[in-house]
Amino acid sequence: MQLHKNTICIHAGMEPDPTTGAIMTPIYQTSTYVQAAPATHKGYEYARSQNPTRTALEAALAALEHGQYGLAFSSGVAATDAVIKLLSPGDEVIAANDMYGGTYRLFTKVFAKFGIQFTYVDTTDVQNIANAITAKTKLLWIETPTNPLMNITDIAAVASIAKQHGVLLCVDNTFASPYLQNPLTLGADIVMHSATKYLGGHSDVIQGALVVNDAALREQLYFIQKSCGAVPGPQDCFLVLRGIKTLHVRMQRHCENGATIAHWLRNNPKVGKVYWPGFEDNAGYTTAKKQMHGFGGMISFELKNDSVEEAKRVLSSTHLFSLAESLGGVESLINHPATMTHASIPREERLKNGLSDALIRLSVGIEDVNDLIADLEKAIG
Ligand SMILES: *Cc1c(COP(=O)(O)O)cnc(C)c1O
C-alpha cells in the first residue's frame with residue numbers, strides 16, 4: 001500500500017523495538033556489539049559502521065524522499081563532503097552560482113586543492129549547464145530553492161541533461177524539505193539535506209542526509225560514510241526521527257505563514273524587492289509550482305532604503321524573529337547573509353550573483369502569524 005506523505009512522516013522506518021516492544025526507536029548509545037562467535041553477529045559490528053537508531057532514521061529518510069536508501073551524516077556539509085569524495089582528481093563539477101555559502105567554501109577552499117574542478121553557472125537557465133559540460137564533468141550540483149535568493153531550477157530538465165551526458169545529479173533539497181519536493185522522483189541521482197533545518201525542525205541538532213535509489217551508488221557512499229567516519233551519534237538520530245514525525249504539520253504552517261508574510265512585505269511601502277517563489281510574477285513561479293507542493297517558509301527581502309545601516313537597524317530590532325544563522329526551526333529567525341551565512345563568499349562574487357549587502361533573510365516559524373507581522377511592522381516601522 002502506497003502511504004500518503006502525512007502518514008509516512010509518522011510511520012516511516014519505525015518498527016517496535018524487537019527486544020522490548022518500545023514504540024519509539026531506542027537511543028542505542030553503544031560503540032560496539034557483542035558477537036556470539038567471531039564474525040557471527042546480528043548485522044551490527046561497530047557503531048561507526050552501523051547503529052540501530054541510525055538505521056531507523058536512514059529508512060525514514062529514504063521513505064520521505066521516495067528513495068531506496070538513506071544515509072545519515074554528522075552534518076549537512078559532511079553529507080556534501082561524501083558526495084564529492086565519489087570523484088577523483090581531474091574530475092569536474094558544475095555547480096550553481098547561488099548556493100549555501102558553506103557548500104561553496106567546501107568546494108573552493110577544500111576540494112579544489114585536491115584537483116577537483118568546480119564551474120559555477122546560473123542554473124536557473126538549464127542551457128548554461130548543458131553549455132558548461134565537458135568530457136571531464138562527473139557531477140552536477142544544484143540547490144533549489146537557493147539560499148538566500150530563492151531562485152528556482154527545473155530539476156527534471158537538469159536531470160535529463162545529466163542522463164544525456166552520463167553524469168550524476170545531486171540536489172540540495174534542504175530549503176524545500178522532503179515534504180515539499182522530491183528530486184529523486186524528478187530524475188535526480190542523489191538528494192542531499194541539511195537535516196539541521198526542517199527535518200530536525202527544532203534547532204537542537206546538526207545533521208546531514210543523502211538519499212539515493214541506485215544500489216551501487218549507495219554502496220560507494222556507505223563505504224565513504226564508514227571509511228571517513230562523519231556519522232551522527234544515536235542521540236542526534238533520535239532527535240531527527242522525532243522531528244520527522246511532525247514534518248508535515250510544521251511544513252503546512254511554515255507555508256501558510258510564509259505566504260502571509262511574503263504578501264505583507266510586498267504591500268509594505270518601506271520594503272523593496274521580496275524574494276519568494278510563490279509570487280506569480282516570480283521568475284521561478286511556474287517551475288516551483290510544477291515541482292514543489294508548497295513554497296515553504298523562507299523569504300528574503302530588501303528595504304527601499306537599501307543602506308546597510310538601515311538593514312542592520314531592522315535586523316537588530318525584531319524580538320520574535322531572533323537574529324541567528326540557520327533556518328527551518330519552529331521559531332522564526334532573521335539573518336543578514338552578507339555578514340552571517342554567506343560571509344565566506346567573496347563580496348564581488350556575492351554582488352555579481354545579486355546578493356546585496358542589504359539583503360535580509362527570514363526563516364518564518366510556526367508562531368501565530370499576526371504576532372510575527374506585528375514584530376516585523378515594529379522593526380521596519
Ligand atoms: C545549512 C545548510 C547546509 C549545511 O548543512 P549543515 O547541517 O549546517 O552542515 C547545506 N545546504 C543548505 C541549503 C543549508 O541551508
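**Chat: sheet and helix packing**

User: How do strands E6 and E7 run, and how many bridges join them?
Analyst: In this predicted model, strand E6 (residues 190-194) and strand E7 (residues 208-212) run antiparallel, joined by 5 bridges.

User: What stands opposite Ile-190?
Analyst: That's Val-212 in E7.

User: And which helix packs on the sheet touching E7?
Analyst: Helix H2, residues 52-64, touches E1 as well as E7. The direction of H2 makes about 125° with that of E1.

User: What about H6, which strands does it touch?
Analyst: Helix H6 (residues 155-165) packs on the sheet against strand E4 (137-143) and strand E5 (168-172). Its direction is at about 155° to that of E5.

User: OK, zoom out. What's the strand order, and is the sheet open or closed?
Analyst: Open, with 7 strands ordered E1-E7-E6-E5-E4-E2-E3 and mixed pairing. Strands E1 (69-73) and E3 (117-121) each have a single partner strand, so one side of each has no neighbour in the sheet. From one strand to the next, the twist averages 20°.

User: Switching to helices: at what angle do H10 and H14 cross?
Analyst: Roughly 30°, with the axes of H10 (residues 247-266) and H14 (residues 369-380) coming within 10 Å. Angles under 35 degrees count as roughly parallel, so H10 is roughly parallel to H14.

User: Left- or right-handed crossing?
Analyst: Right-handed for H10 and H14.

User: Which residues meet there?
Analyst: From H10, Asn-257, Thr-260, Ile-261, Trp-264 and Leu-265; from H14, Val-369, Leu-372, Ile-373, Leu-376, Glu-377 and Ile-380. By class, the contact of H10 with H14 has 8 nonpolar, 2 polar and 1 charged residues.

Technical notes. Residues are numbered from 1 along each chain as its sequence is written. This is a predicted model: local features need pLDDT of at least 70, side-chain atom pairs count only at pLDDT 80 or more; totals for chains, interfaces and linings use all residues. Side-chain values use heavy atoms; hydrogens and water are left out. Axes are lines fitted to C-alpha atoms, for helices over the stretch in contact, and angles run from 0 to 180 degrees between N-to-C directions. Helices (H or I, at least four residues) and strands (E, at least two) are DSSP runs, numbered from the N terminus. Angles under 35 degrees count as roughly parallel, over 145 as roughly antiparallel, 65 to 115 as roughly perpendicular and the rest as oblique. A crossing is left-handed if the near helix is turned anticlockwise from the far one by less than a right angle, and right-handed if clockwise. Contact means heavy atoms within 4.5 Å. Ala, Val, Leu, Ile, Met, Phe, Trp, Tyr, Cys and Pro count as nonpolar, Asp, Glu, Lys and Arg as charged, and the others, Gly among them, as polar. Two strands pair if DSSP finds at least two bridges between them.
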